[in-house]
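The following exercises ask the reader to work from a sequence and its structure to a set of reasoned conclusions. Each task is followed by a solution in steps.

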Amino acid sequence: MNPSTSAARTLVTELLRHRVRHVVLAPGSRSAPLAHALATAAARGDLRLHVRIDERVAAFTALGLARVAGPVAVVTTSGTAAANLHPAVLEASHAGVPLLLLTADRPHEVRGTGANQTTDQVRLFGSAVRYFADVPAPYGRPGEDADLRALLARAVAAAAGARSGDPGPVHLDLAFREPLVPDDDAAWPASAAGAADVVAAVPAGEPVVLDEGPRTVVVAGDGAGAAARAFAEAAGVPLLAEPS
């Protein structure tokens, strides 16, 4: 099991041990280890997983749940996604509502390098949180699981105001290093890195013939380049492209 997957499963196990039964997930790439672990726990019936595409909506959903269900976790991916939690964090801080903010982040070695989604998430919410920890990406070394368990125990206690009598939001900024998906996930799609080769191999003006199957679209993320557009045009399928 890769270190990111192992750490995420430990964190989810500890959430359950501390009786966190509701988690709101705003999915994204860097938070994939947590998303997989949460989906597994939800499939077993161990917790209720609420998926919200918009992070601001996710945060306010968690805020509402936490008012009646005790500590609730909200999970986001890295970058500006985490910043969108801020309005609900302020509300939770003023109202004393226990929220666990689990924001996935890039590993420390690529922070501040100008790469996509390298927003500085350290102490992002300032004094609005009762507890903060900048958690480095795991290496799978002995003792790391115990450290994570202790860290989460402190965070839950701080959110509930167990010692301070002042409940409110807490923030764990969790760095994850690739690979971000479980090693045993056979259903995970193969890389599309060979798309440019496929396009180059199609003679100009000739149609691309795709195998029969479900309706097809091309999804092009940042840096996909001209190959994605060329393939979509040649195949006659819709192209969903990130504006950048």
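The model is predicted.

**Exercise 1. Determine whether Glu109 is buried, partly exposed or exposed, and find its salt-bridge partner.**

Step 1. Glu109 has a relative accessible area of 48%. Partly exposed residues lie between the limits of 20% and 50%, so Glu109 is partly exposed.

Step 2. The partner of Glu109 is Arg177, and their closest N and O atoms are 2.9 Å apart. This pair links distant parts of the chain: Arg177 belongs to the loop between β6 and α7, Glu109 to the loop between β4 (99–105) and β5 (132–135), and 68 residues separate them.

Step 3. Arg177 has a relative accessibility of 19% and therefore counts as buried.

**Exercise 2. Describe the salt bridges formed by Arg30 and Arg111, and state how far apart the partners are in sequence.**

Step 1. The general principle is that side chains of opposite charge can pair when their charged atoms come close. The structure holds nine salt bridges.

Step 2. Arg30 pairs with Glu178, with 3.1 Å between the closest N and O atoms. Arg30 is in the loop between β1 (22–25) and α2 (32–43), whereas Glu178 is in the loop between β6 (170–175) and α7 (195–200); the two are 148 residues apart. Arg30 is buried, because its relative accessibility is 6%.

Step 3. Arg111 forms a salt bridge with Asp173, the closest N and O atoms being 3.6 Å apart. Because Arg111 lies in the loop between β4 and β5 and Asp173 in strand β6, the pair ties together parts that are 62 residues apart in sequence.

Step 4. Arg111 is partly exposed at 21% relative accessibility, while Asp173 is buried at 0%. Both residues belong to a network of salt bridges that also links Asp105 and Asp134.

**Exercise 3. Explain why the buried residues of helix α8 line one face.**

Step 1. Helix α8 comprises residues 226–235, and its buried residues are Ala227, Ala228, Phe231, Ala232 and Ala235.

Step 2. Viewed down the axis of α8, these buried residues fall within an arc of 130°, so they line one face of the helix. In general, an α-helix has 3.6 residues a turn, so residues three or four places apart point the same way.

Step 3. The face turned away from the buried side of α8 carries the exposed residues Ala226, Arg229 and Glu233. After α8 comes Gly236, with a positive phi near 70°.

**Exercise 4. Identify the elements that contribute to the largest nonpolar core, and name the one that gives the most.**

Step 1. This core has 35 residues, and those with the most contacts inside it are Leu15, Val23, Leu100, Leu172 and Leu174.

Step 2. Two or more residues come from each of α1 (3–17), β1, α2, β3 (72–76), β4, β5, α6 (144–160) and β6. The greatest contribution is that of α6, with seven residues.

Step 3. Among the residues touched by Leu100 are Leu15, Val72, Val74, Ala155 and Val170. A second, separate core of 21 residues includes Ala59, Ala88, Val97 and Phe125.

**Exercise 5. Classify the packing of helices α3 and α5 from the angle between them.**

Step 1. Helix α3 (residues 55–69) packs with helix α5 (residues 86–95) at an angle of about 20°, and their axes are 8 Å apart.

Step 2. Angles under 35 degrees count as roughly parallel; α3 and α5 are therefore roughly parallel to each other.

Step 3. At the contact, Arg56, Ala59, Phe60, Leu63 and Arg67 in α3 meet Pro87, Ala88, Glu91, Ala92 and Ala95 in α5.

Terms used
Residues are numbered from 1 along each chain as its sequence is written. This is a predicted model: local features need pLDDT of at least 70, side-chain atom pairs count only at pLDDT 80 or more; totals for chains, interfaces and linings use all residues. Side-chain values use heavy atoms; hydrogens and water are left out. A salt bridge is a side-chain nitrogen of Lys or Arg within 4 Å of a carboxyl oxygen of Asp or Glu. Helices (H or I, at least four residues) and strands (E, at least two) are DSSP runs, numbered from the N terminus. Buried means under 20% relative accessible area, exposed over 50%, partly exposed in between (1.4 Å probe, protein chains only). The arc is that of the directions from the helix axis to the C-beta atoms. A nonpolar core is a set of buried Ala, Val, Leu, Ile, Met, Phe, Trp, Tyr and Cys residues joined through side-chain atoms within 4.5 Å. Contact means heavy atoms within 4.5 Å. Axes are lines fitted to C-alpha atoms, for helices over the stretch in contact, and angles run from 0 to 180 degrees between N-to-C directions. Angles under 35 degrees count as roughly parallel, over 145 as roughly antiparallel, 65 to 115 as roughly perpendicular and the rest as oblique.
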